[in-house]
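Biologist: I would like a close look at a single part of this structure. Please take it step by step, for someone new to the subject.

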Amino acid sequence: MLLLAGVAVVALTGCELKDDGDNLVNGKALFVEDCSQCHTLARAGAQGVVGPNLDEAWQRSEKDGLGRSTYEGVVHRQILQPNRGAQNDPETGKPLPVMPANIVTGEDAQDVAAYVAFAAARPGDDQGRLADAGGGKPEGTAEAKGGTLSIPVGVGLAYKFADAEAPAGQLTIESVNDQPTEHNIAVDGGGVDEKGDVVTDGGTSSIDVDLKPGEYSFYCSVDGHRAAGMEGKLTVK
Ligand code: HEC
Ligand SMILES: [Cu+2]
């Protein structure tokens with residue numbers, strides 16, 4: 001418990017983090033990469049909706065009298081042994097999504113659990129090196145070159161670019177997805193509504209469109225991803 005408190009204080013002041021004990025920077029980076037597509041955790045910029053919102057999950061535990069260090073153990077156990085028995089949605093009868101076991105293991109699993117326990121429903125933003133961990137925020141504008149507009153998938157539920165620009169006319173829009181999580185590229189606006197194939201593990205989703213000047217949206221049409229932030233503005237001139 002002392003160790004966790006110590007690391008948290010160090011992280012808050014932005015000084016060098018030690019590699020022995022819980023490494024929050026590593027934990028956050030792994031959370032963004034491996035957990036954010038399914039869970040919401042505000043400090044990690046995670047907005048996934050497949051599993052429970054972890055800020056709220058912690059608040060419920062806190063009401064039940066749990067401390068953050070106990071919660072760290074709960075999260076760690078959940079990573080190693082999720083509720084495997086698939087349950088059915090009482091309304092639709094369809095199986096609810098399950099969390100795969102051992103997405104991260106060993107010290108990585110400890111680091112992720114430590115970060116979740118540190119960050120859940122904690123007011124304010126991460127500071128110092130912790131603020132930069134995980135990256136993930138889309139930045140800048142993708143520009144079409146030679147009739148192709150490339151908007152790769154980034155980290156978590158995000159493309160690498162926030163916006164895109166292309167000249168009017170025939171355009172191929174491509175999105176390489178290096179994640180094991182399913183994504184695609186889709187465009188709508190101005191009467192256009194096109195969706196590329198859903199791909200994983202280095203696959204490329206692609207669509208061919210003929211666009212008039214105007215404003216469009218590019219987005220991922222996989223359930224919940226657009227709402228979670230996989231969306232940007234495409235300006236055609
Ligand atoms: C494919 C989607 C998916 C991924 C990826 C995923 N989870 Fe989950 N998670 C779920 C679902 C669904 C549940 C609820 C059912 C269950 O407990 O298995 C859940 C439950 C949890 C809970 C329990 C929340 C509560 O209600 O108390 C925690 C904590 C958690 N996940 C943490 C993580 C962490 C940390 C990672 C990354 C290592 C992760 N999850 C990755 C889907 C996911
Ligand atoms: Cu997606």
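Which residues have the most contacts inside the largest nonpolar core, and how does helix 5 fit in?

Modeller: This is a predicted model. Its largest nonpolar core has 56 residues, and those with the most contacts inside that core are Phe31, Val112, Val116, Ile151 and Phe218. Helix 5 gives the most to this core, namely nine residues. At least three residues of the core come from each of domain 1 (2–132) and domain 2 (141–236).

Now to the helix itself. Helix 5 covers residues 106–119, which is 14 residues, and it reaches 20 Å from its first C-alpha to its last. That is close to the 20 Å expected at 1.5 Å a residue. Eleven of the 14 residues of helix 5 are buried, so the helix is largely enclosed by the rest of the structure. Among the buried residues are Val112 and Val116, along with Asp111, Tyr115 and Phe118. After helix 5 comes Ala121, which has a positive phi, near 50°.

Phe31 ties in with this helix. Leaving out residues up to four places away in sequence, Phe31 touches Val112, Tyr115 and Val116, and also Ser36, Leu41, Ala44 and Gly134.

Helix 5 also takes part in the surroundings of ligand 1. Helix 3 (54–63), helix 4 (68–80) and helix 5 each supply at least two residues of the shell around ligand 1, and helix 4 has the largest share, with three residues. The shell has 16 nonpolar, five polar and one charged residues. Of the 22 residues around ligand 1, those that come nearest are Cys35, Cys38, Gly51, Pro82 and Met99.

How values were computed:
Residues numbered from 1 in each chain as written. Chains lettered and ligands numbered in written order. Predicted model: local features only at pLDDT ≥ 70, side-chain atom pairs only at ≥ 80, totals over all residues. Helix = DSSP H or I, 4+ residues; strand = E, 2+ residues; numbered from the N terminus. Expected span 1.5 Å × (residues − 1). Buried ≥ 20, exposed ≤ 12 C-beta atoms within 10 Å, placed from the backbone. Core = buried A, V, L, I, M, F, W, Y, C linked by C-beta atoms within 7 Å. Domains from an automatic or database assignment. Contact = placed C-beta atoms within 7 Å. Near = placed C-beta within 6 Å. Nonpolar A, V, L, I, M, F, W, Y, C, P; charged D, E, K, R; others polar.
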